[in-house]
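The following exercises are to be worked with the sequence and the model at hand. Each task is followed by a solution in steps.

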Amino acid sequence: MNKLLALLAIAGTPAFAAPVNYTIDSSHTYPLFETDHLGFSTQRGRFNKTSGRIVLDSATKRGSVEVSIDAASIDMGFAKWNENMRGEGFFNTEAYPTISFKAERLTFDGDKPVSAEGSLTLLGITKPLVLTLSRFHCAPHPLNKRETCGADITARLKRSDFGMTKNIPSVSDEVRLLISVEAYREPQ
C-alpha cells in the first residue's frame, strides 16, 4: 500500500521542463531585407551565412536568442552589387564583419514564442529591436528525426540609426527584415 501511495504522489507532482537548447540550422536560416528603390521597386538582399543558438523554456515562458550573421555573405543577386553593398557606404564588411542579434526576453502566447526583444548590432552600433515570430512550430524532422523548431520572423528598422545613410532617400531609410529560421535541438 505504501508503494502505491508513493507512486500516486510522484504521478501527481507536476513535471518541470528544463530549458531546451537549439542550434540554428545555417542551411535553412536566411535573413532577408527589403528596401524601396527610387519609388520604382522593392529591392531584396539576403545573407547566406548565419549561426546561433536559441534557448526555450516553455514551462517558465522564458528564453534567449543569439544570432551571428556573416555580413560579407550578402547576396543581392549579382557580383557587382554584392561588392557595392560590402563597401564602406553600406555594410562595410571589412571593418564590421559580423551583424549580431541578442535577446534575453521572449514573449509567449501559450507555449509558443511570438516575439523576441533584444539588441541588434550593425556597423558597431547597438540598438534595441523587437522581432515578431509567426508560424512557430516544433516537431521531429522527417529526415533526420531530430526535434526541429522553425518560424518566420519580421521586423522593421531605420538603417540611419546604425549610421548607414548612403543614398537616402533614393534608397529608403526604412528596412523590412524577413527571416526564415530553423533550429535543431542539441543533444542533452
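**Exercise 1. Surface and charge**

Task: State what area the chain exposes and what share of it carbon and sulfur atoms supply. Then state how far apart the mean positions of the positive and negative charges are.

Solution. The model is a predicted one. Step 1: the exposed area of the chain is about 11300 Å², and 55% of it is supplied by carbon and sulfur atoms. Step 2: the chain carries 22 positive and 21 negative charges, and their mean positions lie 3 Å apart.

**Exercise 2. Fold and overall dimensions**

Task: Determine how many helices and strands the chain has, and set its radius of gyration against that of a compact globule.

Solution. Step 1: two helices and eleven strands are present in the chain. Step 2: read from the N terminus, their order is α-β-β-β-β-β-β-α-β-β-β-β-β. Step 3: the radius of gyration of the chain is 20 Å, whereas a compact globule of 188 residues would have one near 16 Å. Step 4: along the principal axes, the C-alpha atoms fill a box of roughly 80 × 30 × 30 Å. Step 5: of the 188 residues, 35% are buried. Step 6: when contacts between residues at least 6 apart in sequence are considered, 55% of them join residues at least 24 apart.

**Exercise 3. The disulfide**

Task: Identify which cysteines the disulfide joins, and decide for each partner whether it is buried or partly exposed.

Solution. Step 1: a disulfide is a covalent bond between the sulfur atoms of two cysteines. Step 2: the structure holds one disulfide, and C138 and C149 are its partners, with an S to S distance of 1.9 Å. Step 3: C138 belongs to strand β9 (residues 125-140) and C149 to strand β10 (residues 147-158), so the pair ties together parts eleven residues apart in sequence. Step 4: the link of C138 and C149 is right-handed, with 105° about the S-S bond. Step 5: buried means under 20% relative accessible area. C149 is therefore buried, at 7% relative accessibility, while C138, at 32%, counts as partly exposed.

**Exercise 4. The surroundings of T35**

Task: Locate T35 in the fold, classify T35 as buried or exposed, and list its contacts beyond four places in sequence.

Solution. Step 1: T35 is part of strand β2 (residues 30-37). Step 2: its relative accessible area is 10%, so T35 is buried. Step 3: with neighbours within four places in sequence left aside, T35 is in contact with S41, T42, Q43, V171, S172, E174 and V175.

How values were computed: Residues numbered from 1 in each chain as written. Predicted model: local features only at pLDDT ≥ 70, side-chain atom pairs only at ≥ 80, totals over all residues. Heavy atoms only, no water. Helix = DSSP H or I, 4+ residues; strand = E, 2+ residues; numbered from the N terminus. Rg over C-alpha atoms; globule rule 2.2 N^0.38 Å. Buried < 20%, exposed > 50% of the residue type's maximum accessible area, 1.4 Å probe, protein only. Contact = heavy atoms within 4.5 Å. Areas by Shrake-Rupley, 256 points an atom, 1.4 Å probe, with all protein chains shown as cover. Lys, Arg positive; Asp, Glu negative; His and termini not counted. Charge placed at Lys NZ, Arg CZ, Asp CG, Glu CD. Disulfide = S-S within 2.5 Å.
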